[in-house]
Amino acid sequence: MSMQHTASSGVALWRLVADGIERGIADGRFAAGEKLPGEVEIAETYRVNRHTVRRALAALAERGLVRAERGSGTYVEAQRLAYPLRSRTRFSEIVGAGGREPRGQLIEASEDVATREVARELRLKVGAPLVRIEAIRLADRTPICVSTTWLSAELFPGAGAVFAATRSMTKLLAHYGVRDYRRGATRITAGIVDATDATRLDLPLGRPILVVDATDLDLDGKPLVTKHSRFAAERVEFLVDS
């Protein structure tokens with residue numbers, strides 16, 4: 001069917017482009033995580049203008065099939081990451097088990113003080129000094145979650161600098177002599193991404209997120225860290241061990 005006949009039959013050109021790219025993703029011509037051809041090349045392939053291409057890519061992004069990276073291009077979204085929630089939860093191990101490369105990026109490390117809620121989780125006094133770490137966790141190039149982590153500044157002095165060097169919470173704890181730890185209670189709620197996290201996660205405003213609040217304990221049950229993590233709901237599926 002020619003492009004002209006398709007357009008005259010009532011199918012919008014942007015839909016034609018979107019459907020063609022979607023077929024390419026489905027049949028493997030565009031692999032998960034792969035960068036799509038540029039707008040000019042797609043426009044030439046389908047004999048349309050760049051505005052039409054942009055609308056097609058926006059529609060695919062809205063459905064979670066592709067993701068635009070600022071200044072880099074548009075990439076095929078990977079399959080959802082299977083993320084087990086169990087007593088021993090390690091981001092790097094989970095991502096690695098799926099054949100993808102785990103990465104961590106420090107956003108900011110700062111001094112903080114314990115609110116009533118954080119103090120309860122860490123068994124500290126309200127107002128106790130803390131280290132607060134904001135970080136992004138990625139699988140290959142894809143942002144999976146943004147996490148806010150609090151640690152006791154007395155138990156883990158300089159933790160921000162250690163995380164900046166190691167980019168791993170497991171390695172950070174090992175630096176302070178914690179060789180193993182386990183997950184305490186985990187609470188999961190649904191939410192909508194805000195403007196700040198939308199930018200960090202490369203998500204359109206209004207997309208769903210899964211919010212995970214959890215505290216990690218040492219093997220004697222003493223709290224080590226407490227976390228408030230926001231996961232891109234379309235990129236992860238939680239598996240709960242029975």
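**Exercise 1.** At what angle do helix 2 (residues 13-26) and helix 4 (residues 50-62) pack, and how far apart are their axes?

*Solution.* The model is predicted, so that local features need pLDDT of at least 70 and side-chain atom pairs count only at pLDDT 80 or more, whereas totals for chains, interfaces and linings use all residues. Residues are numbered from 1 along each chain as its sequence is written, and side-chain values use heavy atoms, with hydrogens and water left out.

Step 1. Helices are DSSP runs (H or I, at least four residues) numbered from the N terminus, and axes are lines fitted to C-alpha atoms over the stretch in contact, with angles from 0 to 180 degrees between N-to-C directions.

Step 2. Helix 2 and helix 4 pack at about 55°, with their axes 8 Å apart.

Step 3. The two helices are therefore oblique to each other, a class left over once angles under 35 degrees (roughly parallel), over 145 (roughly antiparallel) and 65 to 115 (roughly perpendicular) are set aside.

Step 4. The contact (heavy atoms within 4.5 Å) involves, among others, Trp14 and Ile21 of helix 2 and Arg55 and Leu60 of helix 4.

**Exercise 2.** Describe how domain 1 and domain 2 meet.

*Solution.* Step 1. An automatic or database domain assignment divides the protein chain into domain 1 (13-76) and domain 2 (81-239), and 33 Å separate their centres, taken over C-alpha atoms.

Step 2. Ten residues from domain 1 and eight residues from domain 2 make the contact.

Step 3. The buried area (accessible area, 1.4 Å probe, lost by two parts on being put together, summed over both) is about 690 Å², of which carbon and sulfur atoms give 33%.

Step 4. Of the area that domain 1 buries against domain 2, Glu62, Arg67 and Arg70 supply 61%, more than any other three residues.
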